[in-house]
Amino acid sequence: MRPAELIRFKQSGRAITVLTAWDSLSASLVQEAGADVVLVGDSLAMVVLGHATTLPVTLEQMLSHTQAVCRGFQGALHAQPLVVADLPFLSYQCGPERAVAAAGLLLKDSGAAAVKLEGAEPEVVAVIDRLVRMGIPVMGHLGLTPQAVHRLGYRRQAQDPRSQEKLKRQALDLEAAGCFALVLEHIPAELAADLRAQLTIPVIGIGAGAGCDGQVRVTADLLGLTPQQPPFSPALIQGRQLCVEALKGWVSQQQAPHLAAPSAVPPTNTPAPPAPGC
Ligand code: KIV
């Protein structure tokens, strides 16, 4: 699957599905589920690495997890999902040169075919423009952008007319800079639907209503594995509870007194160890 195919999906009205993965096991699950795109999101900082925000995850960690994800796929390369890797915090905020080096490393040393980065400030648009001209496909991300948590928090974005106009302008800027798709996170559904109509690139929503060209979800959230479920991304199953119950069953089975007690083991003829000091 190539990025340009997602634009054809939009044109033909075929819904796009994006799921996150963080290692070979989760990658094999989402491939078998039939997701079009696998996102190695920097949410792995919180979901897998135990951080409180997405900010601490490093480029080296993103690379290592992206490599593991790509090792988890089966079958011919052209039949595998498109892999998009998140550019972590500080890998693109310091200018186009560092961004090209970071994104280039992810594409060169893993099976990722595209990167995602957050925001649309003029500096970010300049970075996207450079990445695209260097042959690196880019997915944009607007609305709730977790790397800006210290400025925006995790609340719903673009709630008033002024910020909605700003977000629309930013989305058009990202399309003009060459993004092949745009993630819209935790924004009003009407705004996302409006953007879907205005843009030629697909909009992929999470907490942005059903009127998008596709949907993206954090797989661990969908499976009910994360302790803090985002309110706009409900779980399909209570995976954590199911896993803990199954493991508890195994542990208590092992602890049941079904083995012979150690005292029942017949004594051996091994000689006594020499007394200390001899
Ligand atoms: O990091 C991530 O998992 C994401 C999704 C929430 C879109 O960016």
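Which residues does threonine 145 touch, not counting residues up to four places away in sequence? Hello everyone, let's start there. The answer is Glu118, Gly119 and Leu152. Please keep in mind throughout that what we have on the screen is a predicted model.

Threonine 145 itself sits in the loop between β5, residues 138–143, and α7, residues 149–152. With a relative accessible area of 8%, this threonine is buried, because buried here means under 20%.

Let's turn to the ligand. Its surroundings are made up of Thr20, Leu39, Gly41, Asp42, Ser43, Asp86, Lys116, His141, Glu185 and Val218. Three of these residues deserve a closer look. From serine 43, a polar side-chain atom lies 2.6 Å from an oxygen atom of the ligand. Aspartate 42 has a side-chain N or O atom 3.1 Å from a ligand oxygen. Aspartate 86 also places a polar side-chain atom by a ligand oxygen, at 3.2 Å. How much of the ligand does the protein bury? Taken alone, the ligand exposes 260 Å², and the protein buries 96% of that.

Next, helix α4, which runs over residues 59–71. We can do a little check here. The helix has 13 residues, and at 1.5 Å a residue it should span 18 Å, because the expected span uses one less than the number of residues. The end C-alpha atoms are 18 Å apart, so the model agrees with the expectation.

Which residues of α4 are buried? They are Leu59, Met62, Leu63, His65, Thr66, Ala68, Val69 and Cys70. Their cover includes three helices, namely α2 (24–33), α3 (44–47) and α5 (96–109), along with the strands β2 (37–40) and β3 (82–86).

If you follow the chain on from α4, you come to the loop between α4 and β3, and glutamine 80 is found there. Is this glutamine buried or exposed? Its relative accessible area is 12%, so glutamine 80 is buried. Its side chain reaches the backbone oxygen of glycine 75 at 2.9 Å. Setting aside residues up to four places away in sequence, glutamine 80 touches Met1, Gln31, Phe73, Gln74 and Gly75.

Now for the nonpolar cores. In soluble globular proteins, nonpolar side chains tend to be buried together. In this model, the largest nonpolar core has 57 residues, and those with the most contacts inside it are Leu87, Leu117, Leu131 and Leu184. Apart from that core lies another one, of 18 residues, with Ile16, Leu144, Ala181 and Ile204 among them.

Let's zoom in on leucine 117. Beyond its neighbours within four places in sequence, leucine 117 is in contact with Leu87, Tyr92, Val124, Val127, Ile128, Leu131, Val138, Met139, Gly140 and His141. You may recognise His141 from the list around the ligand.

On to the backbone, and two residues to click on. Leucine 90 has a phi near 75°, a positive value in a residue other than glycine. This leucine lies in the loop between β3 and α5, and it is partly exposed, with a relative accessible area of 44%. Histidine 186 is not a glycine either, yet has a positive phi of about 50°. Its place is in the loop between β6, residues 181–185, and α9, residues 189–198. At 12% relative accessibility, histidine 186 counts as buried.

Staying with α9, we find glutamine 198 in that helix. At 39% relative accessibility, glutamine 198 counts as partly exposed. How far apart are the C-alpha atoms of glutamine 198 and alanine 171? They are separated by 9.4 Å, with their positions 27 residues apart along the chain. Leaving out neighbours within four places in sequence, glutamine 198 is in contact with Lys168 and Leu172.

Let me finish with two alanines. Alanine 4 belongs to helix α1, residues 3–12, and is partly exposed at a relative accessible area of 43%. Its C-alpha atom is 25 Å from that of serine 91, which is 87 residues away along the chain. Alanine 210 lies in the loop between β7 (203–206) and β8 (214–217). At 77% relative accessibility, alanine 210 counts as exposed. From C-alpha to C-alpha, alanine 210 and glutamate 121 are 27 Å apart in space, and they are 89 residues apart in sequence.

Thanks for listening, and do have a look around for yourselves.

Terms used: Residues are numbered from 1 along each chain as its sequence is written. This is a predicted model: local features need pLDDT of at least 70, side-chain atom pairs count only at pLDDT 80 or more; totals for chains, interfaces and linings use all residues. Side-chain values use heavy atoms; hydrogens and water are left out. Helices (H or I, at least four residues) and strands (E, at least two) are DSSP runs, numbered from the N terminus. Buried means under 20% relative accessible area, exposed over 50%, partly exposed in between (1.4 Å probe, protein chains only). Contact means heavy atoms within 4.5 Å. A nonpolar core is a set of buried Ala, Val, Leu, Ile, Met, Phe, Trp, Tyr and Cys residues joined through side-chain atoms within 4.5 Å. A polar contact is a pair of N or O atoms within 3.5 Å; within protein, one must be able to donate a hydrogen and the other to accept it, and residues adjacent in sequence count only if both atoms are side-chain atoms. A residue is near a molecule or strand if one of its heavy atoms lies within 4 Å of it. Accessible areas come from the Shrake-Rupley method with a 1.4 Å probe; for residues, only the protein chains shown count as cover.
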